[in-house]
Amino acid sequence: MAAHSPVDAAPDTAPDTAPDTASDAASGPALNAAPALRAKRRRAALRTAAFLSPWLVGFGVFFAYPLLSTVYFSFMDYDGIRPPVFGGAANWSYVFTDYPLFWPALRNTLWLVLVMVTCRVVFGLGVGLLVTKLKTGTGLFRTLFYLPYLAPPVAATLAFVFLLNPGTGPANSLLEAVGLPAPGWFTDPDWSKPALTLLVLWGIGDLMVIFMAALLDVPKEQYEAAELDGAGPWQRFRHITLPNISPIVMFAVVTGVIQTMQCYTQPLVAGKVAAGVIGGSGQQFEPGYPERSTLTLPQLVYNLGFQRFDYGSACVVALVLFVLAMAFTALLMRRSGGLVGAGD
């Protein structure tokens with residue numbers, strides 16, 4: 001008989017049942033630490049919420065609640081006195097189809113956004129460049145250009161309307177003296193919006209100061225290197241100045257769009273003065289003189305809500321303004337990625 005070794009004779013039947021004591025020892029502290037970690041994260045979240053609470057309260061009270069209330073009342077028949085009654089989409093249908101002032105106001109507002117904001121940014125940048133290039137008298141010219149911005153909007157509009165008066169204003173007298181045609185300005189529907197643009201450009205001091213600060217922050221070494229390479233003034237502006245100040249340009253455009261979408265005082269006062277409705281109780285005035293050319297969406301909100309007591313339709317116009325402002329801002333911020341990134 002063949003001899004078998006003890007190793008061969010031992011049956012391989014012993015199961016591998018030894019406990020993994022190392023893994024159990026490691027998992028024990030991890031399980032015990034999980035509740036402590038969750039409690040630490042909860043305390044950190046509460047601490048963050050406490051620091052953010054002033055902003056959260058302000059956001060809720062001054063933005064979220066008014067916005068939700070505007071959406072709510074846009075579907076209600078509400079005159080500010082009687083309780084609101086649900087009217088469905090009647091207010092929206094009235095504003096878009098039956099209210100004759102909505103579409104002229106929308107066209108005027110979009111015209112002001114496209115033309116006035118563009119002119120304001122270009123003119124403000126030009127004045128800032130001019131003042132920074134002056135060798136003497138920089139403080140004097142900076143003060144002269146900034147002072148009109150400090151004028152109250154109503155007073156500035158009154159002065160501008162009288163200066164551009166087609167019959168007695170000095171502006172038309174000077175134009176006639178040099179042989180140029182004298183437009184009707186605020187009494188002519190074709191010239192009323194350009195006249196408003198001139199009024200806004202007159203008070204360009206805020207943008208001038210912002211652009212001056214940005215221009216003075218551009219590294220002079222880049223200009224010196226460009227001059228050594230033979231770059232001209234336009235090439236230096238395009239490849240050095242503009243990329244360095246592009247975030248400021250985008251800031252000016254976005255804030256200009258938001259401000260222009262809220263344009264109310266200057267068009268209303270200019271239309272009233274040009275129409276001869278300067279003051280007095282009991283005087284009724286339909287905004288937009290002449291021929292609805294100075295009518296803007298914010299004027300419709302006031303006209304519908306506080307003159308006609310149609311709060312539902314006024315909320316519809318306010319929501320249209322909000323959507324337009326958000327759309328313009330989102331479009332500009334999306335397209336600004338390449339512009340701002342050019343300066344990096």
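**Inside the helical core**

Let's start at Val-257: leaving aside residues up to four places away in sequence, Val-257 touches Val-113, Val-117, Phe-328 and Leu-332. Keep in mind as you click around that this is a predicted model.

Now zoom out from that one side chain. Val-257 is among the residues with the most contacts inside the largest nonpolar core, and it shares that billing with Phe-102, Leu-297 and Leu-300. The core as a whole has 39 residues. Which elements give two or more residues to it? They are α4 (102-133), α9 (205-216), α10 (220-228), α11 (233-261), α13 (297-307) and α14 (311-341). The top contributor is α11, with 10 residues. There's also a second core, separate from this one, made of 16 residues, and Met-116, Phe-160, Val-161 and Phe-186 are included in it.

Next, take a look at how α9 sits against α11. Their axes are 9 Å apart, and the two helices pack at an angle of about 150°. Angles over 145 degrees count as roughly antiparallel, so that is how α9 and α11 run relative to each other. As for handedness, the crossing of α9 and α11 is right-handed.

Who's doing the touching? From α9, the contact uses Leu-207, Ile-210, Phe-211, Ala-214 and Leu-215. On the α11 side, you'll find Thr-241, Ile-245, Ile-248, Val-249, Phe-251 and Ala-252. Sort the residues of this α9–α11 contact by type and you get 10 nonpolar, 1 polar and no charged.

Notes
Residues numbered from 1 in each chain as written. Predicted model: local features only at pLDDT ≥ 70, side-chain atom pairs only at ≥ 80, totals over all residues. Heavy atoms only, no water. Core = buried A, V, L, I, M, F, W, Y, C linked by side-chain atoms within 4.5 Å. Buried < 20%, exposed > 50% of the residue type's maximum accessible area, 1.4 Å probe, protein only. Helix = DSSP H or I, 4+ residues; strand = E, 2+ residues; numbered from the N terminus. Contact = heavy atoms within 4.5 Å. Axes fitted to C-alpha atoms, helices over the stretch in contact; angles between N-to-C directions. Parallel < 35°, antiparallel > 145°, perpendicular 65-115°, else oblique. Left-handed = near helix turned anticlockwise from the far one by under 90°. Nonpolar A, V, L, I, M, F, W, Y, C, P; charged D, E, K, R; others polar.
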